[in-house]
Amino acid sequence: MTSVLPQDVIAAIFAKYGISGAWEPLVSTGIANWVYATRDVVLRVATDHPDGVPDARTESVAAPAAHAAGILTPRMIAFDDTRTSVDRPFSLWERIHGATLGRITLSREARLGTWRAVGREMARIHRRVTVCPDPRGYLDVAGEQPDVDRLLATLVAAGRLDARAASDIEVACREPGEAVRAMHAVFTHGDLHAMNILCEEGGTLLALIDWGDAGWADPILDFASMPLDVIPSAVAGYEAEAGEALDAAACARLVRAKTVSALDHFVRHPERDMDSEAIRRFAETGQSARSDRGPWPATIGVSRRS
């Protein structure tokens with residue numbers, strides 16, 4: 001996203017905090033921030049997008065709590081919502097030099113290894129972040145998932161999903177009942193996709209970034225923004241760090257959450273290619289495999305677009 005902020009405003013913000021040296025705009029991987037950086041510091045300024053200001057405020061309380069708990073994420077240096085330097089909130093962060101996972105090419109083995117590490121870090125978030133001061137109520141509040149029947153009907157009507165596949169998905173995604181009642185809310189990142197993962201060029205995980213959707217929610221929801229084909233690796237990392245396997249209730253919620261997320265994504269983005277067979281296979285095979293606590297199949301999803 002191209003910034004509309006004058007250069008002198010950006011320079012003044014850096015100077016206000018005693019940050020010297022040349023700076024440059026960085027390519028933003030999201031829609032909620034314009035990003036600039038010196039060698040050691042990153043400046044994130046909320047955009048005019050409706051999520052810009054709320055996400056900046058959420059991140060200002062969520063990321064420091066995660067960092068304090070030892071999670072791999074940059075340290076926040078300052079957050080300013082006074083509107084004196086610029087007419088929007090901004091934040092300053094310690095810079096971690098690395099590559100965004102969504103912008104580098106890795107071998108399949110290296111890519112799945114990165115996602116396994118993400119799963120381990122995700123388990124640490126859920127276990128270690130037990131407090132997050134939020135006096136102004138900035139953290140996200142989990143809402144209801146979209147209606148599965150409506151999503152399926154929309155995709156069938158558009159010719160993007162055949163009726164038989166829709167029926168299979170509907171069966172696999174029926175409300176898991178006891179699985180929902182068994183859920184215990186934990187602190188979640190809320191948006192763990194490839195553009196929010198910082199790693200070395202070889203895939204070694206460096207940090208999880210962009211905490212604008214963080215809050216207290218079902219831990220399983222942190223799997224929902226991951227590509228279908230990496231979820232088995234992320235689950236393996238999560239279980240290894242947690243020291244125990246996900247139980248059947250958690251697995252049922254995971255299958256439903258990811259499937260609904262994928263369907264909703266393609267309803268909102270009709271221009272994007274949709275691998276309906278990968279979604280059906282994930283919903284059906286993942287559900288049956290985990291109902292008896294068996295291992296996640298290694299190839300329940302093949303698309304990197306979901």
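These are my notes on a strand hairpin, a helix crossing and one leucine.

Entry 1, the hairpin. I began by noting that the model is a predicted one. I looked up strand S9, residues 197-199, and found that it pairs with strand S10, residues 205-208, in the antiparallel sense over three bridges. Within this pairing, Leu-198 stands opposite Ala-207 of S10. Five residues lie between S9 and S10 in the hairpin that they form, and in its turn I noted Gly-203, which has a positive phi of about 110°.

Entry 2, Leu-208. I then stayed on strand S10, where Leu-208 lies, and asked whether Leu-208 is buried or exposed. Its relative accessible area is 0%, which is under the 20% cut-off, so I recorded Leu-208 as buried. Leaving aside residues up to four places away in sequence, I listed what Leu-208 touches, including Leu-72, Pro-74, Val-118, Ile-125, His-189 and Leu-192. For Leu-72, which is 136 residues apart from Leu-208 along the chain, I noted a C-alpha separation of 6.1 Å.

Entry 3, the helices. I turned next to helix H3, residues 108-128, and helix H7, residues 231-242, whose axes come within 7 Å and cross at roughly 45°. This angle is why I entered H3 as oblique to H7. The crossing in which H3 passes H7 is right-handed. Among the H3 residues in this contact I found Leu-112, Trp-115, Gly-119 and Arg-120, and they belong to a set that meets H7 residues including Ser-233, Ala-236, Tyr-238 and Glu-241. I recorded the residues of the contact of H3 with H7 as nine nonpolar, four polar and five charged.

Note on methods
Residues are numbered from 1 along each chain as its sequence is written. This is a predicted model: local features need pLDDT of at least 70, side-chain atom pairs count only at pLDDT 80 or more; totals for chains, interfaces and linings use all residues. Side-chain values use heavy atoms; hydrogens and water are left out. Two strands pair if DSSP finds at least two bridges between them. Helices (H or I, at least four residues) and strands (E, at least two) are DSSP runs, numbered from the N terminus. Axes are lines fitted to C-alpha atoms, for helices over the stretch in contact, and angles run from 0 to 180 degrees between N-to-C directions. Angles under 35 degrees count as roughly parallel, over 145 as roughly antiparallel, 65 to 115 as roughly perpendicular and the rest as oblique. A crossing is left-handed if the near helix is turned anticlockwise from the far one by less than a right angle, and right-handed if clockwise. Contact means heavy atoms within 4.5 Å. Ala, Val, Leu, Ile, Met, Phe, Trp, Tyr, Cys and Pro count as nonpolar, Asp, Glu, Lys and Arg as charged, and the others, Gly among them, as polar. Buried means under 20% relative accessible area, exposed over 50%, partly exposed in between (1.4 Å probe, protein chains only).
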